[in-house]
Amino acid sequence: MKDFLHIGVFGLNHNTAPIEIREGLYIPERSQPELLTKLKDRGIDEAVVLSTCNRTEIYFSYRDCNEPLEVIGNILGSRFSAGRESLDSYVYSFLDENAYKHLFLVASGLDSMVIGESQILGQVKNAYRLAASHNTTGFLLDKVFHRTFRVAKRIRTETRIGYNPVSISSMAVELSKKIFLDLSRKKILVIGAGEMCEIALKHFKKEGLNDIFITNRTFQDARFLAEEYNGTPYPFEEIPNLLVKVDMVLSSTGSEKPIIDKETVHSTMKKRKSRPLFFIDIAVPRDVDSLVNNIENVYLYDIDDLKDISQRHFSDRLKESQKAHEIMEEEARKFAHWLEQLDIAPIISRITGRLEEVRSLEVKKALAKLKGADKETLDRIDILTKALTAKFLHPHLALIRQNGNPEVLEVMKKLFELEEENEEEMDNRDQRE
């Protein structure tokens with residue numbers, strides 16, 4: 001493989017970092033272009049930023065596989081309030097085969113907190129599109145991500161990993177059922193109008209929940225959701241009053257800071273006369289200040305509290321998960337073979353070119369001595385020499401294709417007297433190809 005064709009990933013996820021660390025490194029979409037530009041300015045050839053409630057990862061390609069890890073680590077460390085050294089204990093990095101295997105797992109939902117969740121594929125696609133629109137993807141990441149989308153689709157098609165799909169939102173609803181047993185007589189406030197809230201609303205309606213209050217910073221979006229799910233829309237400023245009325249709050253907004261603080265909830269509980277209030281906060285960064293958990297009769301659950309439920313679903317899906325891993329491994333082998341061909345193809349091209357040069361030269365010499373020969377004879381000589389060359393080349397090219405390791409390629413270079421290409425020659429050949 002060419003020395004610049006390396007892929008890597010650097011990041012953290014729900015398995016390596018608790019929520020307070022993940023939200024500290026969460027990179028909202030509006031901030032990603034600036035980060036992508038910074039990575040490019042620091043010499044990262046290609047980069048894609050994937051930041052969700054459960055992970056922040058940067059996929060990259062680079063000439064030297066050690067330096068970019070340091071560059072990315074320093075850039076992310078500068079965004080992390082606790083500093084680079086604290087960040088190191090939560091992050092991981094993978095290179096080449098391990099990196100694209102990891103991406104296959106992520107996009108297929110096999111590395112998710114809720115195994116098999118489907119939302120992550122859309123998030124990976126969005127991350128790639130954003131990077132591509134800012135020209136921070138190229139030959140390698142384009143290939144890797146498009147292969148990833150095909151792998152994820154194949155796993156969805158050939159396994160039941162996505163059957164009866166579960167998600168963070170559906171886990172939140174399941175948690176609420178564990179809390180209240182019967183949801184039909186409860187009142188809920190949904191804060192946010194994004195995809196996670198909409199999925200939760202679908203599940204709440206299935207559970208017979210009728211008293212649904214919906215609020216969002218953009219009131220129009222809250223109204224649309226309320227119309228679709230037979231809820232009641234409220235302006236965002238009404239949250240303190242709504243907290244007095246409801247039994248439970250589910251929140252998932254894109255806010256970078258808590259929108260419900262301890263003082264608000266403390267005041268609410270006085271008006272509720274200490275009637276219990278449950279919060280399920282599935283946003284990252286979190287919407288509800290963790291300190292509200294210290295208030296009597298207030299119960300706050302965040303996204304990490306859903307792990308127990310997701311683990312039970314994982315057991316149910318273990319068999320399908322094993323099938324999915326087998327498909328992922330098969331696709332990883334195919335992709336590795338494709339990458340290897342990137343080395344092999346230029347060698348094959350140079351060998352066939354070299355043989356053609358020799359054949360053409362010898363045919364010209366022979367024809368110069370056959371001045372009286374007719375055209376049919378000359379054509380037959382040309383066809384015969386091409387057939388002989390092809391027959392001679394066949395076992396050599398087959399060996400390269402089947403076992404094109406560096407030792408074999410080196411022997412072939414010597415056998416066919418191929419000199420090392422300099423950088424300019426390689427660039428010219430790449431442009432021709």
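Here is a short chat about a predicted model, covering a sheet, a helix and one arginine.

Colleague: Let's start with the open sheet of six strands: what is the order?

Modeller: The pairing in this sheet is parallel. Its edge strands, E7 (232-235) and E10 (298-302), each pair on one side only. Going across from one edge to the other, you read E7-E6-E5-E8-E9-E10.

Colleague: And which residue in E9 stands opposite Leu-250?

Modeller: Look at strand E8 (residues 248-251) and strand E9 (residues 277-281), which pair in the parallel sense over four bridges. Opposite Leu-250, in E9, you'll find Ile-280.

Colleague: Which helix lies across strand E6 and E7?

Modeller: Strand E6 covers 211-216, and the helix runs at about 155° to E6. The helix spans residues 219-229, and it's H10.

Colleague: Now Arg-354: is it buried, partly exposed or exposed?

Modeller: Arg-354 sits in helix H14 (residues 318-368). Its relative accessibility is 26%. Buried would need under 20% and exposed over 50%, so Arg-354 counts as partly exposed.

Colleague: Which residue's side chain does a polar contact of 3.1 Å join to that of Arg-354?

Modeller: Leaving out residues up to four places away in sequence, Arg-354 touches Phe-416, Glu-417 and Leu-418. One of these is 63 residues from Arg-354 in sequence, with the C-alpha atoms 8.6 Å apart in space. The side chain joined to Arg-354 by that polar contact belongs to Glu-417.

Methods
Residues numbered from 1 in each chain as written. Predicted model: local features only at pLDDT ≥ 70, side-chain atom pairs only at ≥ 80, totals over all residues. Heavy atoms only, no water. Pairing = 2+ DSSP bridges. Helix = DSSP H or I, 4+ residues; strand = E, 2+ residues; numbered from the N terminus. Contact = heavy atoms within 4.5 Å. Axes fitted to C-alpha atoms, helices over the stretch in contact; angles between N-to-C directions. Buried < 20%, exposed > 50% of the residue type's maximum accessible area, 1.4 Å probe, protein only. Polar contact = N/O pair within 3.5 Å; in protein donor to acceptor, adjacent residues only side chain to side chain.
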